[in-house]
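Colleague: Hi, could you walk me through this one? I'd like to know what I can trust before I look at the details.

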Amino acid sequence: MVAALGAVLAAAVGSGHASWVDVGTFAVAAAIVLAGAVGVVVARNPVHSALMLVMTLFGVAVLFVLQRDPFLAAVQVIVYAGAIVVLFLFVIMFLGVDRQEDIAVEPLRGQRPLAIGLIVLGTTGLLLLGQVSRWTTGAPHVAGVDAGRQSNVYLLGKSVYTTYLFPFEATAALLVIAVVGAVVLARRPPTSADPLPDDGPDTTGGTADGEPTPSDPAEGTDPANGAGPPDDDQGSVPSDTGRGADPVVPADPVDPADPVLTPEPVGSAEEARS
Amino acid sequence: MTISAGWYLGLGVILFSIGALGVLIRRNVLVMFMCVELMLNAANLTFVTFARMLHDIGGQVLVFFVLVVAAAEVVVGLGLVVAIFRRRANTTADDLHLMKG
C-alpha cells in the first residue's frame, strides 16, 4: 500500500504541477480515509468501527481544507465527529451490543463473494470511466461563483439564504420530523398493565410525601375523581398534586382500552386475509 | 498548484465502494449505518471536488444539506435500532425476517 502511494505521489507530481506539500497532504489524508473505511468494515467490535469512522471523517475534513473549503471541514468535524459518532457510541453503549461479532460466519452462502465481485466490478468500471472520459461536462459557476475576494463562509451563507432558501426551510422541517420520529420510535411502548401501576404509585407516592392538608381545589377534584380507585383519597391533597392526579385518573379507563381495542382489528384483518 | 480533481474523485469512488461493500457484507445494523455514513462522505467529497472544479458554490451548499440529511437519518435509524433491540435483544439484520415470504 505504501509502494502504491509512492507511485501515486510520483505520478501526481510528475504529471501535474502540484506542489509537494499538497501532494503529501493529499496522500496522507487519503491513506487515513481509506484505512479508516476498511477498518469500519472489518472491525468486529462496533465501538472500534465507530472510532475508525471518526478517523475517516477527519481525513475527509482534511481533504476539504485542501480544497479551500474550511467551513465545511469545520462543520464536518463538529457535526459528524462531534455529534453523529457520539450518537452512535451512545447507542452502542446504551444497548450493550459492543460484543464481538463473528465475521467469519457467512449466513447466506455465496452472498459475500457475490457482493465483493459486484463492488470490484463497479469500482473498476467507474475508475475506467473516469480515465477515458471527461469528469465534468457542466457549465462553470451556475449557482454562484466560488472564487474571488469574498471568503468561503460569506459566499456559502449568502447562497444558502438567497438561492437555496426554500431547501433550507425544508431542511428545518425535516429536522423537526426526524426529532419527532426519533422520540416516537425510541419511546417505551405502552404495554397493557406495566406502565399504569408504575404511574399510579408514582403520583400517589408523590402526594404521600406531601402533607395531607386538604384544600378547596383538592376537594373540588375529589368529586370529579369519585369514580376513581380509592387511592385518590391519598391523591386529594395539595392543589398541585390534585391537579397532577387528574390526568392520571381519566387515563386509567383509556389505556386498558387500547390493548383491548387494538387486537380486535388485527385479528379481524387476519381472518379476512386468510 | 493543487492536485487535479481526478485523484479526489477516484478516492471518492473507492470510499463509496468500501461503504457499499460494508452495507452488503456486514450484519450488524449499527455497522451498516456507519457504512452508509461512509458512502455519504464519499458523495460529499465528490460534491466539494466538483464545486472546486467548476468554481460553483452550489456543490458546497449541497454538502451542507447532505450533512443535515445524514444527521436526520442517523437519528431516525438509531431510534429504529433501539426499538428493534427492545423487541429482539439483538441488532443483527438477519433476525428481522418477519416479512419474509
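Modeller: Happy to! The mean pLDDT of chain A is 71, and 53% of its residues reach 70 or more; pLDDT is the predictor's confidence in each residue, from 0 to 100. Over residues 195-274 of chain A the pLDDT is below 50, and beyond near neighbours in sequence this stretch has 56 contacts in the model. Two residues are in contact here if their C-beta atoms, placed from the backbone, lie within 7 Å. Where pLDDT is low, the predicted coordinates should not be read in detail.

Colleague: What are the ground rules for numbering and cut-offs?

Modeller: Residues are numbered from 1 along each chain as its sequence is written, while chains are lettered from A and ligands numbered from 1 in the order in which they are written. This is a predicted model, with local features needing pLDDT of at least 70, side-chain atom pairs counting only at pLDDT 80 or more, and totals for chains, interfaces and linings using all residues.

Colleague: And what is the mean pLDDT of chain B?

Modeller: For chain B the mean is 86, and 95% of its residues reach 70 or more. The model scores ipTM 0.91 and pTM 0.70.

Colleague: How many helices and strands does chain B have?

Modeller: Three helices and zero strands, so the order from the N terminus is α-α-α. Helices (H or I, at least four residues) and strands (E, at least two) are DSSP runs, numbered from the N terminus. Chain A has twelve helices and also zero strands.

Colleague: What is the radius of gyration of chain B?

Modeller: Chain B has 17 Å, where a compact globule of 101 residues would have a value near 13 Å. That radius is taken over C-alpha atoms, and the globule rule is 2.2 Å times the number of residues to the power 0.38. Along the principal axes, the C-alpha atoms of chain B fill a box of roughly 55 × 25 × 25 Å.

Colleague: What share of each chain is buried?

Modeller: In chain B, 58% of the 101 residues count as buried; in chain A, 20% of the 274 residues do. A residue is buried if 20 or more other C-beta atoms lie within 10 Å of its own, exposed if 12 or fewer, and partly exposed in between, with C-beta atoms placed from the backbone.

Colleague: Let's switch to the interface. How many residues does each chain put into the contact?

Modeller: Chain B gives 68 residues and chain A gives 74. On the chain B side, α1 (5-25), α2 (29-54) and α3 (58-88) each give two or more residues. α3(B) gives the most, with 22 residues. The chain B side divides into 46 nonpolar, 16 polar and six charged residues. For those classes, Ala, Val, Leu, Ile, Met, Phe, Trp, Tyr, Cys and Pro count as nonpolar, Asp, Glu, Lys and Arg as charged, and the others, Gly among them, as polar.

Colleague: Which residues touch the most other members of the largest nonpolar core?

Modeller: Of its 70 residues, those are V40(A), L15(B), L30(B), M34(B), C35(B), L38(B) and L45(B). A nonpolar core is a set of buried Ala, Val, Leu, Ile, Met, Phe, Trp, Tyr and Cys residues joined through C-beta atoms within 7 Å. At least two residues each come from α2 (20-42), α3, α4 and α7 (165-186) of chain A and from α1, α2 and α3 of chain B. The largest share, 17 residues, comes from α2(B).

Colleague: What does M34(B) touch?

Modeller: Not counting residues up to four places away in sequence, M34(B) touches V40(A), S49(A), A50(A), L53(A) and F88(A).

Colleague: And T46(B), buried or exposed?

Modeller: T46(B) is buried, because 21 other C-beta atoms lie within 10 Å. T46(B) is in helix α2 of chain B and, leaving out residues up to four places away in sequence, touches L9(B) and G12(B).

Colleague: Last topic: where is H55(B)?

Modeller: H55(B) is in the loop between α2 and α3 of chain B. H55(B) has a positive phi of about 50 degrees although it is not a glycine, and it counts as partly exposed, with 14 C-beta neighbours inside 10 Å. In chain A, R68(A) has a positive phi of about 60 degrees and is not a glycine; R68(A) is in the loop between α3 (46-66) and α4 (70-95).
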